[in-house]
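Visitor: I am new to this structure and would be grateful for a close look at a single part of it. Please begin with one residue and then set out its surroundings in a connected account.

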Amino acid sequence: MNLRTNPARLSVEETAWFLGFSPHEVPILVAKGLLKPLGHPQPNTVKFFPAATVEELRKDVKWLGRATDVIMEHWRGKNARKTSGEATVSPHESTSSAHAVDSR
């Protein structure tokens with residue numbers, strides 16, 4: 001017999017691959033409430049996702065559409081902030097210009 005047993009929980013990387021997203025997009029889906037990790041993980045801990053739920057979401061065309069829209073909107077907003085000049089100034093740039101001495 002050749003039985004294959006899938007894991008009950010998936011890592012961020014496995015979840016992303018299974019759903020067709022990039023691993024860095026999974027936290028966006030979690031933040032928007034479209035994906036929920038198992039248990040009550042702290043913000044800086046490794047998160048796992050239930051394989052059964054991820055498999056259901058993969059088959060849900062409406063969910064995939066909403067998730068794709070959320071990801072596109074996230075990057076649209078991030079790029080708009082970048083091009084509108086709202087880029088942050090590093091602390092080194094702001095202090096060096098404040099301490100510049102006029103050499104005239």
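Guide: Thr53 is located in helix 3, and the model in which it appears is a predicted one. Thr53 is partly exposed, with a relative accessible area of 37%; it therefore falls between the limits of under 20% for buried and over 50% for exposed. Along the chain, Thr53 and Leu35 are 18 residues apart, while their C-alpha atoms are separated by 9.2 Å.

The helix that holds Thr53 also has a part in the largest pocket, for helix 3 and helix 1 are the elements that give two or more residues to its lining. This pocket has a volume of about 260 Å³. Its lining consists of Arg4, Asn6, Pro7, Leu10, Glu14, Trp17, Phe18, Ala51, Ala52 and Glu55. Sorted by class, these residues comprise six nonpolar, one polar and three charged.

Two of the lining residues, Asn6 and Ala51, deserve separate mention. They stand 45 residues apart in sequence, yet the distance between them in space is 8.1 Å, C-alpha to C-alpha. Asn6 belongs to the segment before strand 1. With a relative accessible area of 52%, Asn6 is exposed, because the value is over 50%.

Strand 1 itself covers residues 9–11 and includes Ser11. Ser11 has a relative accessible area of 14%, and it counts as buried because this is under 20%. Apart from neighbours within four places in sequence, Ser11 is in contact with Lys47, Phe48 and Phe49.

Helix 3, at residues 51–59, is also among the elements that cover the buried residues of helix 4, and so are helix 1 (12–19) and helix 2 (26–31). The buried residues in question are Trp63, Ala67, Val70 and Ile71. In general, an α-helix has 3.6 residues a turn, so residues three or four places apart point the same way.

Helix 4 runs over residues 61–83 and has 23 residues. At 1.5 Å a residue, helix 4 should span 33 Å, and because its end C-alpha atoms are 33 Å apart, the expectation and the model agree. At the N-terminal end of helix 4, Asp60 serves as a cap: one of its side-chain oxygens lies 3.1 Å from the backbone nitrogen of Lys62.

A further pair of residues links this region to the loop between helix 1 and helix 2, where Gly20 is found. Gly20 and Leu64 are separated by 44 residues in sequence and by 9.4 Å in space, C-alpha to C-alpha. Gly20 has a relative accessible area of 63%, which means that it is exposed, the limit being over 50%.

Finally, these parts may be placed within the whole. The protein chain contains five helices and two strands, and their order along the sequence is β-α-α-β-α-α-α. The chain has 104 residues, of which 23% count as buried. Of the contacts between residues at least 6 apart in sequence, 62% join residues at least 24 apart.

Terms used
Residues numbered from 1 in each chain as written. Predicted model: local features only at pLDDT ≥ 70, side-chain atom pairs only at ≥ 80, totals over all residues. Heavy atoms only, no water. Helix = DSSP H or I, 4+ residues; strand = E, 2+ residues; numbered from the N terminus. Expected span 1.5 Å × (residues − 1). Buried < 20%, exposed > 50% of the residue type's maximum accessible area, 1.4 Å probe, protein only. Contact = heavy atoms within 4.5 Å. Polar contact = N/O pair within 3.5 Å; in protein donor to acceptor, adjacent residues only side chain to side chain. 1 Å grid on protein atoms, 1.4 Å probe; cavity = no way out; pocket = protein on both sides within 12 Å on 5 of 7 lines; lining within 4 Å. Points joined across faces, edges and corners; volume = space filled by probe spheres on them. Nonpolar A, V, L, I, M, F, W, Y, C, P; charged D, E, K, R; others polar.
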